[in-house]
Amino acid sequence: MAEPSAATQSPSISSSSSGAEPSALGGGGSPGACPALGAKSCGSSCAVHDLIFWRDVKKTGFVFGTTLIVLLSLAAFSVISVVSYLILALLSVTISFRVYKSVIQAVQKSEEGHPFKAYLDVDITLSSEAFHNYVNAAMVHINRALKLIIRLFLVEDLVDSLKLAVFMWLMTYVGAVFNGITLLILAELLVFSVPIVYEKYKTQIDHYVGIARDQTKSIVEKVQAKLPGIAKKKAE
């Protein structure tokens, strides 16, 4: 269980945990527990892990069903229509509940107050420290992406640039068959199905993935040996 948990952690968490000894959250040491990387980062990572591994079936089912309905609606209607209908549905629920509670309080002559008072009193203010932390975390990923883009487009490694070219060429065929919303729907189906399937059949999947990785590595080494400049660079 520990390996799938580590595989689902985000790059920002894995980079921030370098040099730190892994330990179970709260000292439990149970399988699938998140490393002690700080309360906020570990909490978000554990929440995503539990969500995609269906630890809480009701919670995951609600998130999966809601997002899938939204994506299917976007595939059939415009973004403005979908957002408008969602806001109208939410307002219909909250206004109806507010009127219902007001009528009940008037009939019973009670003074319970506003039915959403507990939520209205919640402090949702984003502090400057939290904002800077989010910006700094985003800048790490942005700088890493910029370096990768420059490295690929300026052909620092010929094989990596050729991989990108082949991938983009294949994506032209994918784009001719699917649009962006369809790809998002397929991605969501994979996100909520592949991790749990991998968890159940980990041994068999790792075996075949290892075979495919070895074959791919041998092919890449043969291509690198025949390309001009690559073999010389490795020899140096």
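**Exercise 1. Two residues in α11**

Find out how far apart Asp206 and Lys202 are in helix α11, counted in helical turns.

*Solution.* Step 1: find the helix, which spans residues 202–226; a helix here is a DSSP run of H or I with at least four residues, a strand is a run of E with at least two, and both are numbered from the N terminus. Step 2: Asp206 and Lys202 are four residues apart in α11, so about one helical turn separates them. Step 3: look at their side chains, which meet in a salt bridge of 2.9 Å, N to O (a side-chain nitrogen of Lys or Arg within 4 Å of a carboxyl oxygen of Asp or Glu). Step 4: check the accessibility, where Asp206 has 31% and counts as partly exposed, and Lys202, at 22%, also counts as partly exposed. The classes are buried for under 20% relative accessible area, exposed for over 50%, and partly exposed in between (1.4 Å probe, protein chains only). Step 5: look for a network, and you will find Arg151, Glu156 and Asp160 joined into one by salt bridges that share partners.

A word on the source: this is a predicted model, in which local features need pLDDT of at least 70 and side-chain atom pairs count only at pLDDT 80 or more, while totals for chains, interfaces and linings use all residues. Residues are numbered from 1 along each chain as its sequence is written, and side-chain values use heavy atoms, with hydrogens and water left out.

**Exercise 2. More salt bridges**

How many salt bridges does the structure hold, and which parts does the pair Arg55 and Glu199 tie together?

*Solution.* Step 1: the count is five. Step 2: place the pair; Arg55 sits in the loop between α3 and α4 and Glu199 in helix α10 (residues 194–200), so this salt bridge ties together parts that are 144 residues apart in sequence. Step 3: read the distance, which is 2.9 Å between the closest N and O atoms of Arg55 and Glu199. Step 4: Arg55 has a relative accessible area of 36% and is partly exposed. Step 5: turn to another pair, Lys117 and Asp121, whose closest N and O atoms are 3.5 Å apart. Lys117 is partly exposed at 46%, whereas Asp121, at 54%, counts as exposed.

**Exercise 3. How α7 and α8 pack**

Decide whether α7 and α8 are roughly parallel or roughly perpendicular to each other.

*Solution.* Step 1: recall that two packed helices are described by the angle between their axes and the distance between the axes. Step 2: α7 (residues 128–153) and α8 (residues 158–177) pack at an angle of about 95°, with their axes 8 Å apart. Axes are lines fitted to C-alpha atoms, for helices over the stretch in contact, and angles run from 0 to 180 degrees between N-to-C directions. Step 3: compare with the cut-offs: under 35 degrees is roughly parallel, over 145 roughly antiparallel, 65 to 115 roughly perpendicular, and the rest oblique. Step 4: α7 and α8 are therefore roughly perpendicular. Step 5: find the residues that meet, which are Arg151, Leu152 and Phe153 in α7 with Asp160, Ser161 and Leu164 in α8. Step 6: visit the loop between α7 and α8, where you find Val155. Val155 has a positive phi of about 55° although it is not a glycine, and it is partly exposed at 42%.

**Exercise 4. Leu68 and its partners**

Which residues does Leu68 contact, leaving aside its neighbours within four places in sequence?

*Solution.* Step 1: Leu68 belongs to helix α4 (residues 57–76). Step 2: its contacts of this kind are Ile185 and Glu188 (contact means heavy atoms within 4.5 Å). Step 3: Leu68 and Leu186 are 118 residues apart in sequence, and their C-alpha atoms are 9.8 Å apart in space.

**Exercise 5. Trp54 in its loop**

Where does Trp54 lie, and is it buried or partly exposed?

*Solution.* Step 1: Trp54 lies in the loop between α3 (39–52) and α4. Step 2: with 27% relative accessibility, Trp54 counts as partly exposed. Step 3: Trp54 has a positive phi of about 55°, although it is not a glycine.

**Exercise 6. The whole chain**

How many helices and how many strands does the chain have?

*Solution.* Step 1: count twelve helices and zero strands. Step 2: buried residues make up 15% of the 236 residues. Step 3: among contacts between residues at least 6 apart in sequence, 51% join residues at least 24 apart.
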